[in-house]
Amino acid sequence: MALLDIRDLDLRIARGRELLPVVQGVSLAVEENETLGIVGESGCGKSLTALAIMGLLEGSVVRIAGGSVHFRGRDLLALSPDERRRVMGDQMAMIFQEPMTSLNPVYRVGDQIREAILQHRRMSRKQARDRALDLLELVRIPDPLRRIDSFPHQMSGGQRQRVMIAMALACDPKLLIADEPTTALDVTVQKEVLELMRSLQARNGMSIVLISHDLGVVSEICDKVAVMYRGKIVEQASTSTLFSNMSHPYTLGLLGSIPSTDHDVEWLDAIPGRVPTLDEAVPGCAFHPRCFAANESCRSADPSASAVSPAHIVRCHFPQGSSS
Amino acid sequence: MSVPLSIALVFRGRALATIGACWLLVVGIAAIGAPLLAPFDPLEIDPFVRLSEPGWPHLFGTDHFGRDSLSRAIYGARMAILIGSGSVLIALVAGGLVGMLSAYFVRLGHLLMRIVDVLMAFPALLLALVLMTLLERSVLNTVIVIGIVYATTTARIVFGMTLKLKRDVFVDAAICSGAGHVSVLFRHILPNLMSPMLVQASFIFAFAQLQAAALDFLGLGLPPEVPSWGNMLSEERIYVTRAPWLLIFPGSLIILSVFSMNLVGDALRDNIDPRFKDDIAGV
């Protein structure tokens, strides 16, 4: 059984009396020790999916309208708040996009990590501090003995993100959800953080769900990739399959939008048009107004997910690549 | 950073605030040491020295009962500190709780904040008057009433700040690490409210003095026998032409104390953010 198994997740956002769909029929599975990347542009529902997994949508305008999220065989959506609290931070943890605001400004970083440990582990404060120190060393913070007593504002963005990772790893979770963990960082720091995540995964044996808008980042560390567009998964495959045989026009468009460093290009092949807003009803395939391959059937019927090859699922009437 | 050092930083380059703090220190010492410092019993009536001018042995003169004004003023400092700190305590605890819970639990907030809105629709003094007429005149009731009046503004301020804080990513991060409502509210949100609440406390302390003096003056605050600056003003106001010093001394004490507290509050407000301190103090 998969470690994390999401089936037909439906999320809706409440606006007045209306409930607008923001995530529709998302199904994902993450095996142990596997890294899944979720890619898509802003507003495609990738972060909401992560927040739904972690139960952070409670009290927001977003409702879970259907589907299930099974983690180690238990339906997370059916857990009581108390049961869920015991899972969060212990067996699954999350790191966020903004390292500037994801640490509490009034606590020393060591105390924050210690809090995260003591939430789930019974040990003395001294032991927890030693563990925090180990964690800081593990995430390669230079001079951890001094840094453990720093306030977040005294650290750089990359260091804060490392502290965040240390906090997330406090109880050796089986699943780490990383929502754009490197977006706010410099390119060089990005690389370091990604490498750190990869080495920690190998060391701790955990699964990672990496949410990103950057296909490059995803290609570097993910085993599997799911591409989302307007609340739906439009293509899902192993990283090698996806990059060798992209089938959805949107995925191709994303790849075409990456600037090449090999040769000078005057123009980037941007995807034309824009993402339709939530209340714009797009009949048929949601991507058709921007798609180079669209024809009548795309305008009238929404394609269902189908496998172009084993474990390569595409939601398109005219999948590109080898099959066309 | 050590506490004395951080206090020194608050007052660095602020002559007025430093003078204000010193004055408050004097008031504090007077309050604590009142029985030792007061030359006379503040309640002792001496009909032979009614309305005597300032001089020896009655430095501040005597009132129309012949009670020593200086002694009453020194004991009045006790009331000032008591009313101030009592009101601050009630306003911060009640207002802080209402504000935090209202912002965190949205449904509860709809109810609680409407009550706060209704209370805030009254002018502060009017609200205090209404509440005091319902209650007996006593030190405790005065403290409670003034505390409630300022709990409303505190609730509003804390409500707004909590609304913002609870959307901060570190709260999500705390929830992700398994923190429950109590832990999120009191371990993660509350510490972020502390410094603004400290500043709020300094202003409530000052305003409570004025409010208490006003209530005393209108005869609705502390019981008349209690020596307080407001009561001194209230009782001796008819002698303003014959013995103006009986009003000048307590009046000046109120003005000086409120002004000092406001200056200290300003200095605190400008220093609340720990991020600004490091540049000066080093880490």
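**Helices in a predicted model: how we know**

In this predicted model, B:A124, B:L125, B:A128 and B:M132 of α6(B) meet B:Q211, B:A214 and B:L215 of α9(B).

Me: Happy to start there. What makes α6(B) and α9(B) oblique to each other?

Reply: Their axes cross at roughly 50° and come within 11 Å. Angles under 35 degrees would be roughly parallel, and 65 to 115 roughly perpendicular. The angle fits neither range, so α6(B) and α9(B) are oblique. As for handedness, α6(B) passes α9(B) in a right-handed crossing.

Me: How do you know that α9(B) falls short of a straight helix?

Reply: Helix α9 of chain B, residues 181-217, has 37 residues, and at 1.5 Å a residue a straight helix would reach 54 Å. The end C-alpha atoms of α9(B) are only 45 Å apart.

Me: Where does α9(B) bend?

Reply: At B:L190, by about 50°, with the proline B:P191 following within four residues. Just after α9(B), B:G219 has a positive phi of about 75°.

Me: Over in chain A, how do you know that the span of helix α6 agrees with what is expected?

Reply: The 12 residues of α6(A), 157-168, should span 16 Å at 1.5 Å a residue, and the end C-alpha atoms are 16 Å apart, so the two values agree.

Me: And why is α6(A) called mostly covered?

Reply: A residue counts as buried when 20 or more other C-beta atoms lie within 10 Å of its own. In α6(A), 11 of the 12 residues are buried, among them A:G158, A:V163 and A:A168. Their cover includes β6, α3, α4, β7 and α7 of chain A.

Definitions and conventions. Residues numbered from 1 in each chain as written. Chains lettered and ligands numbered in written order. Predicted model: local features only at pLDDT ≥ 70, side-chain atom pairs only at ≥ 80, totals over all residues. Helix = DSSP H or I, 4+ residues; strand = E, 2+ residues; numbered from the N terminus. Expected span 1.5 Å × (residues − 1). Contact = placed C-beta atoms within 7 Å. Bend = angle between axes of the 7 residues up to and from the residue. Axes fitted to C-alpha atoms, helices over the stretch in contact; angles between N-to-C directions. Parallel < 35°, antiparallel > 145°, perpendicular 65-115°, else oblique. Left-handed = near helix turned anticlockwise from the far one by under 90°.
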